[in-house]
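Let's take a stroll through a few helix contacts and the empty spaces around them. Have the structure open as you read.

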Amino acid sequence: MTLRPRNRFLIFWGVLFFVCGAVKATAAGVLMSHLPLYGEAGYAADFQNFNYVNPEAPKGGRVVLPNYGGFDSLNPFIFKGNAVQEAAALTLDTLGVISIDDYSTVYPLIARQFELPEDRSFVGFVLDERAKFSDGSPVTADDVIFSFNAVMEKGAQIYRVYYNDVERVEKINDRHVRFFFKKNSQNKELPLILAQLSIFSAKDWTGKDFSKPTLSPYLGSGPYLIEKIVPGKSVIFKRNPDYWAKDLPSRRGFFNFDEVDYEYYQDTTVTLQALFAGSIDMREEYIAKIWVTGYDNKQVRNGTVIKEELPHNKAANLQMFVFNLRKEMFKDKRVRKAISLAFDFDWANDKLFYHQYQRIGSYFTNTGMEATGLPEGKELQILNRFRQKLPKEVFTTAPEVPSHKGGALQTRENLKQAVRLLNAAGYDFVDGKMANLATGEPLKFEIIDNSANGSSFTRVMLPFIKKLKKIGIEAKFRTVEVNIYKNRLDNFDFDIAIIAFGMSQMPGNEQKEMWGSGSAMIKGSYNIGGVQNKVVDALIDGLIKAQHKDDYQAYVKALDRVMLHEVYMIPQWYSPSARVAYQNKFEHPKTSVKAGFQPFTWWMKEEFRQ
């Protein structure tokens, strides 16, 4: 699982109540061919490959992909450094694999079988006897235990949150390891999270400090080896022809390129010209205007460069303006709501985005667990437990993001409402500026973004800033270099920041790190805004411990509703499809699965494979 990036979370919520596929009873529990969430898994025990790959995809060729910012480390599991995130994904295997069309089941990789006792007091992993590192040495229980201890003791704070309910790890034999849970732990997600643990070689790390950034390649068991590093500029991976898992069902059809070259850029817009110049082979387009207008050239018209939209079934990335709640001016919800009323997505979608986007209206958009309407059923029962601690509007008003669809008239009304909220919060106009009447301080702040987005956000920000000025608020927009941006977020040195989180299709333990009070003041945590809310903490705890699917979904909706009403962020937008442009020398699976952009299921046309 990839946990360090700000914009990706690949943690999946899981509760194991049913066993399907091949099973075998043991003295301690049941051995299973895979770990399903509810009911039957999406694939049978004897499945041959996932449905969104071409199992006969030819191997060969070289692909050049863009990356952004810079790097000074290959270890993405620690707090320090700016890591090459792909290094772990391409060189380290995990115990199990989750399919993008079955988010709730773990399938075998390093672990060929999974073990759970009736009381669910532990999860066991029986390792595949074929699993080996790239030097030919076997992957053993000692390596699993080392990897767990390394991230727990020296890794980023998020791992101590995820694995907090693990009491101990026990080696049964060289190919069998068990993770025992704390007494009375009800963390039903934990087996699936542990199955996504990336496995290092314990022997390879002897005498090395796991907590320090390094550009020295570590020994892995994954499909690629690190071939070459140009610090801060590029990393080249070479496919391991002896990759032990290349014929496993969970790996068949993946990792088809002999060489993968990541070239680093500071600006996403620069990579468009790099694509047309042939310097890179593929790129995702994140800017709607460029997608509509920036590809009208000879290369696209003659088919040298292909432009394609690839629908996905993923939870929408939570792209937002996040308030730094540690700042005194943002502690009052009325101030936050007033600022949100000035953001006009509808104008931007019409004038700037060519109607390419949909507004995010939930923390869990596109999961089917969005809070809508008024609470009812189990969600209402849950919220009723906290009625005395919640504002009345949680029960009486449906959560909705401010709309400007009525044009200028609607915008004027929104700004009037914003002024009324600010007045109620103790602000009013003083010499044309909105000021805190108690302190005399004008309401002003800075909004930061990272330079990888180039000037793309400036077009959105200027109208936003102009509307804020109409109600006396002084806002400035600033883009900063990627490394500086990360450092400022890690140290909570910002007023409002533009960020994007890749949200899980099945929200779970990661919610503690993102919104839990315990992570709010920990530098480098994912709780960038600094949310500290006891009801939010209780709802997160509830969804993690939920015993049944309908209870779980009710907790997710309740959490969504409470946080939306608190206006901890201003939601932006998302695209239901990945917009991808690529050189016409690649092919990808034709499938009904909404897989989005999955470059490691692609392959190179025969004439380019040499």
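What follows covers three helix pairs, then a pocket and a cavity. Keep in mind that this is a predicted model.

**Helix pairs**

Here are the pairs side by side.

| Helix pair | Crossing angle | Axis distance | Handedness |
|---|---|---|---|
| Helix 10 and helix 17 | about 60° | 8 Å | right-handed |
| Helix 16 and helix 17 | roughly 160° | within 8 Å | left-handed |
| Helix 8 and helix 12 | roughly 165° | within 8 Å | left-handed |

Start with helix 17, residues 549–566, which packs with helix 10, residues 377–384, at an angle of about 60°. That angle makes helix 10 oblique to helix 17. On the helix 10 side, the contact uses Lys378, Glu379, Ile382 and Leu383. Helix 17 answers with Asp550, Asp551, Ala554, Tyr555, Lys557, Ala558, Arg561 and Val562. Sort the residues of this contact by type and you get six nonpolar, six charged and no polar.

Helix 17 also meets helix 16, residues 534–545, and here the axes cross at roughly 160°. Angles over 145 degrees count as roughly antiparallel, so helix 16 and helix 17 fall under that heading. The handedness of this crossing is left-handed. Helix 16 brings Val535, Val536, Leu539, Ile540, Gly542 and Leu543 to the contact, while helix 17 brings Tyr552, Tyr555, Val556, Ala558, Leu559, Val562 and Met563. This contact holds twelve nonpolar residues, one polar and no charged. Tyr555, Ala558 and Val562 of helix 17 turn up in the contact with helix 10 and also in the contact with helix 16.

The third pair is helix 8 and helix 12, whose axes cross at roughly 165°. That makes helix 8 roughly antiparallel to helix 12. From helix 8 come Arg334, Val335, Lys337, Ala338 and Leu341; from helix 12 come Asn414, Gln417, Ala418, Leu421, Leu422 and Ala424. By type, the residues of this contact split into seven nonpolar, two polar and two charged.

**The largest pocket**

Which elements give two or more residues to the lining of the largest pocket? They are helix 8 (333–341), helix 12 (408–424), helix 17 and strand 22 (569–571). Helix 8 supplies the largest share of that lining, with five residues. The pocket holds about 540 Å³ of space and has 25 lining residues. Lying nearest its centre are Lys337, Glu400, Val401, Pro402 and Val567. Lys337 is worth a second look, as this residue of helix 8 is also part of the contact with helix 12. The pocket's lining is made up of 13 nonpolar, seven polar and five charged residues.

**A closed space**

Now for the cavities: the model has five of 30 Å³ or more. The second largest cavity holds about 60 Å³ of space. Strand 15 (318–323), strand 21 (496–501) and helix 15 (510–515) are the elements that give two or more residues to its lining. There are 14 lining residues here, with Met320, Val322, Trp515, Gly529 and Val531 nearest the centre.

How do the residues of this lining divide into nonpolar, polar and charged? Twelve are nonpolar, two are polar and none is charged. Set that beside the largest pocket, where five charged residues belong to the lining.

Notes:
Residues numbered from 1 in each chain as written. Predicted model: local features only at pLDDT ≥ 70, side-chain atom pairs only at ≥ 80, totals over all residues. Heavy atoms only, no water. 1 Å grid on protein atoms, 1.4 Å probe; cavity = no way out; pocket = protein on both sides within 12 Å on 5 of 7 lines; lining within 4 Å. Points joined across faces, edges and corners; volume = space filled by probe spheres on them. Helix = DSSP H or I, 4+ residues; strand = E, 2+ residues; numbered from the N terminus. Nonpolar A, V, L, I, M, F, W, Y, C, P; charged D, E, K, R; others polar. Axes fitted to C-alpha atoms, helices over the stretch in contact; angles between N-to-C directions. Parallel < 35°, antiparallel > 145°, perpendicular 65-115°, else oblique. Left-handed = near helix turned anticlockwise from the far one by under 90°. Contact = heavy atoms within 4.5 Å.
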